[in-house]
Amino acid sequence: MNVVTPFEGIGASLRRKEDFRFLMGRGQYVDDINRPGQTHAVMLRSPHAHATIDRIDTVAAKAMPGVKAIFVGEDMAAEQIGGIPCGWQIHNKDGSPMAEPMHPALALGKVRHVGDPVAVVIAETKSQARDAAEAIVVDYTPLPAVSGTEAALQPGAPQVHDGAPGNLCYDWHIGDKAAQEAAFARAARVVKFETTNNRLVPNAMEPRAAIGDFDSFSGDYTLYTTSQNPHVIRLLMGAFVLHIPESKLRVVAPDVGGGFGSKIYHYAEEAIVTWAAGKVKRPIKWTCERSESFMSDAHGRDHVSTAELALDAEGKILGLKVHTLANMGAYLSTFAPCVPTYLYATLLSGVYATPVIYAEVKAVFTNTVPVDAYRGAGRPEATYLLERLMDVAAAEAGLDKVDFRRRNFILPDQFPYQTPVALQYDSGDYHSTLEACLETAGWAGFEARRAESKTRGRLRGIGISTYVEACGIAPSAVVGSLGARAGLYEVGTIRVHPTGSVTVLTGAHSHGQGHETTFAQLIADKLGVPTANVDIVHGDTAKVPFGMGTYGSRSLAVGGSAMDKAMDKIIAKGKRIAAHLMEASVEDVEFERGTFRVAGTDKTKTLTDISLAAYVPHNYPIDEIEPGLEETAFYDPKNFTYPGGCHICEVEIDPETGRTEVLNFTAVDDVGRVINPMIVEGQVQGGVAQGIGQALLEAAIYDASGQLVSGSFMDYTMPRAGDLPDVGVATHVTLCTHNPLGVKGCGEVGAIGSPPAVMNAVVDALRDYGVRHVEMPATPQKIWGIVNAHRLAAE
Amino acid sequence: MPQVTLTVNGTKHTVEVEARTLLVETLREQLRLTGTHVGCDTSQCGACVVHMGGDSVKSCTILSVQCDGSEITTIEGLAAADGTLHPMQEAFREYHALQCGFCTPGMVMSAIDLVNKHPDGMSEKEIREGLEGNLCRCTGYHNIVKAIAAAQDVMHGRVPELVRAAAE
């Protein structure tokens, strides 16, 4: 019986359906899968940042116990295997396309970053494969390397690719330069600010893994992979790399242990194990070790920027000028080129009514791991730049930093609001999120707390960030015109079974977001089917018609909207069947939460009555309506969604050690309609933790020779429980105006809004020292250095 | 190859291992108990934590030959035969202390040992310090701390059943 009690629909903090298997050790992550006859692969990777490969001697290695095969780049090239493709093409200022060098799955003649795969060893056991990899002899001639973002453009810098002179990938711009210059000419004050957005390693807790499987009888390939978007992997790998038609290639992304962007991309190892499985005629499993992840998973951020803000005499923003260098790494990862352009520069208006903006972005190649989207992708970089700049400008103009923000906010009656950098915000209420956050964080009482800290010899600071971001990337036609090589819709199928239970097939992919619960709540809310009777199927190209996957907080805004559209089709068909069964006109049939009713009467049919009639069509208008009750919808969004809000952070610095402790963190976010408040809070808390990590702890550091210095959990500071505070989360809802659910997205707001709030607090804590800016991460060593330099100067 | 005998979740197993085989490899690859995960190679992340003789150990940092004759409990061995969750598992679910689930088995096993070793209870700050050996990238730890704080009261018999989370 389909009765929803207690309420499980939109707004309920339903405990998650997926938790039981994870809590009992019954999750099925890629490395948990074992195929009959499975072999194991180990990648031999370059120890050099830049070198020619003069010779690879695999003779001794091939003779070692258990070794089935060893392949190098030439073996793949001999079969016309394609390079790893890039999914987004940016055009230069002059209209020419970006430099897009070939990215071979296994290096061909040259290695371009530490970790570049050179050979794959396939053996009966992983230990045997590892032993044999150690026995391969590679003669390298090391070449000068370049790792720094600014260094890449210096005259005489080592060249990463012959086809990218000066290491320039593209030189792009957006906005009106002449208008910007005119605005600056009449400014009362121009505030200039330079900063680096630190390079990060996403570090999902599950290392990447892939199993290639080949059925020699049918000719079918299957790839099990740690992916956020299996259909996109099938498209990219099948069409561009291995030349396998979609009908012969199945990609399965089962339970995936976190992604944060790093599992969006098509990686070389996926193509290598799939291709090699066809060669050795055995399944091949490859599982990344953590140190290997550090040098092969796409990194995030890595911008060097200069921003200038023009103000009038009253502290109103007249214009913004930004120049940014973005590090692409050694090769272009799947979405890398769009991150510092259409996901970054388009967000530079922030929550402010900035009349003119001009931004230039140069992307550069370096001898480092490719850089691509990491939680927030471009939007954290824009928000950090803008929100630090707002604090610096307020200080220089002698304005209160909160009042300065208020004065420049886009007002509620200005929506829809067209920014000068392409985006049109549909809705928002920045004053309300600001005021609620100030109240909750106790902003007014801060100075008393600061004084109390001072009595204990501690430096207390408070920081604020008011932000907007763009989620649910779309519409397809727009992103296509901007260089995307794929559509960005989503697909949902609703299958109502004969006795009324429901299977949902979605192209979105859950790797921690709780889709099995949230999506089931959508079905419960609209169709009245209890969540226990709703199963969500995702992550398998053989089951789900199509999909674009999960990233950019798009699952609910785009994937949920596709489900909603499919449910509308179910209801429309159901009404026709119900009209027949109740001998009424279809126009008179109403539907609400599982019940069809003839308007104004007590004649009703349940959804189960209808589904049973649809599959057992004895009394059924068979000439007019097909049997069955299953509908598929493709939903292409009309616009991005624009979550926003306010984050406030309070820190205390111990000047003796330089350690910054986050005392309080308060987030008030507008993520649109909230389906499951418990899950939304968890998403925000997790995002904030990554933002605090970026601000205080994390940095991927390359030395000048291109060696990754912070290449393990011993060296790269991941946030631990003791590093983080409780994170208070509240929401203030304005509805998205252009999708049927009114939802905006909550996956990235935490990581976008928080870094500037933390850093504004750190700088505020050091205000007596005359500190204008501190670069991320604000490590104890860095802060201690600032404090000590001040003390020495004072002596 | 050396032979070791382990009692895992109450069942005795005798397996042949290489001298270099890690306990986690024996559990995952030989006994097919894949609930115990490997998240790093430097003994930092704690995804592999199991109980050996009642104490938490990182199974990636102990050789199988060192475990001969020992009693091992993994995440698969926590719930009752009828599926009733251990109070720590129940608390993790109630307080939304997991997202992707990958760190969860190690986190739960560490948390249980932490609670057992602190019969007088822990403050939230002590819980945070006690989780020093376990990394989670999804939750920000906020809800993990709340879950452990709630579970310890049940495990120490201070409350008859788990206090529900505030969120409705």
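**Close-up 1. A:His243, just after helix H6 of chain A, in the predicted model.** A:His243 takes a positive phi of about 55°. The helix before A:His243, H6(A), runs over residues 230–242. The end C-alpha atoms of H6(A) are only 16 Å apart, whereas a straight helix of 13 residues would reach 18 Å. Of the 13 residues in H6(A), 10 are buried, among them A:Pro230, A:His231, A:Val241 and A:Leu242. The cover over these buried residues includes strand S10 (220–225), strand S11 (249–252) and helix H7 (268–280) of chain A.

**Close-up 2. B:Asp113 in helix H3 (residues 104–116) of chain B.** B:Asp113 counts as buried because its relative accessibility is 8%, under the 20% cut-off. Its side chain makes a polar contact with the side chain of B:Ser56 at 2.8 Å. Leaving aside residues up to four places away in sequence, B:Asp113 touches B:His51, B:Gly54, B:Asp55 and B:Ser56.

**Close-up 3. Two of the 19 aromatic pairs found over all chains.** A:Phe214 and A:Tyr221 form a tilted pair, 4.5 Å centre to centre with 45° between the planes. A:Phe294 and A:Phe713 form an edge-to-face pair, with 5.7 Å between centres and 80° between planes. A:Phe294 lies in helix H8 (residues 290–294) and A:Phe713 in the loop between helix H17 (677–697) and strand S28 (727–731), so this pair ties together parts of chain A that are 419 residues apart in sequence. Both A:Phe294 and A:Phe713 are buried.

**Close-up 4. Arginines over ring faces in chain A.** A:Arg21 lies over the face of A:Phe22, 4.8 Å from the ring centre. A:Arg208 lies over the face of A:Tyr267, at 3.6 Å from the ring centre.

Definitions and conventions: Residues are numbered from 1 along each chain as its sequence is written. Chains are lettered from A and ligands numbered from 1 in the order in which they are written. This is a predicted model: local features need pLDDT of at least 70, side-chain atom pairs count only at pLDDT 80 or more; totals for chains, interfaces and linings use all residues. Side-chain values use heavy atoms; hydrogens and water are left out. Helices (H or I, at least four residues) and strands (E, at least two) are DSSP runs, numbered from the N terminus. The expected span of a helix is 1.5 Å times one less than its number of residues. Buried means under 20% relative accessible area, exposed over 50%, partly exposed in between (1.4 Å probe, protein chains only). Contact means heavy atoms within 4.5 Å. A polar contact is a pair of N or O atoms within 3.5 Å; within protein, one must be able to donate a hydrogen and the other to accept it, and residues adjacent in sequence count only if both atoms are side-chain atoms. Rings of Phe, Tyr and Trp (its six-membered ring) pair if their centres lie within 6.5 Å; planes under 30 degrees apart count as stacked, over 60 as edge-to-face and the rest as tilted. A charge sits over a ring if NZ of Lys or CZ of Arg is within 6 Å of the ring centre and within 35 degrees of the ring normal.
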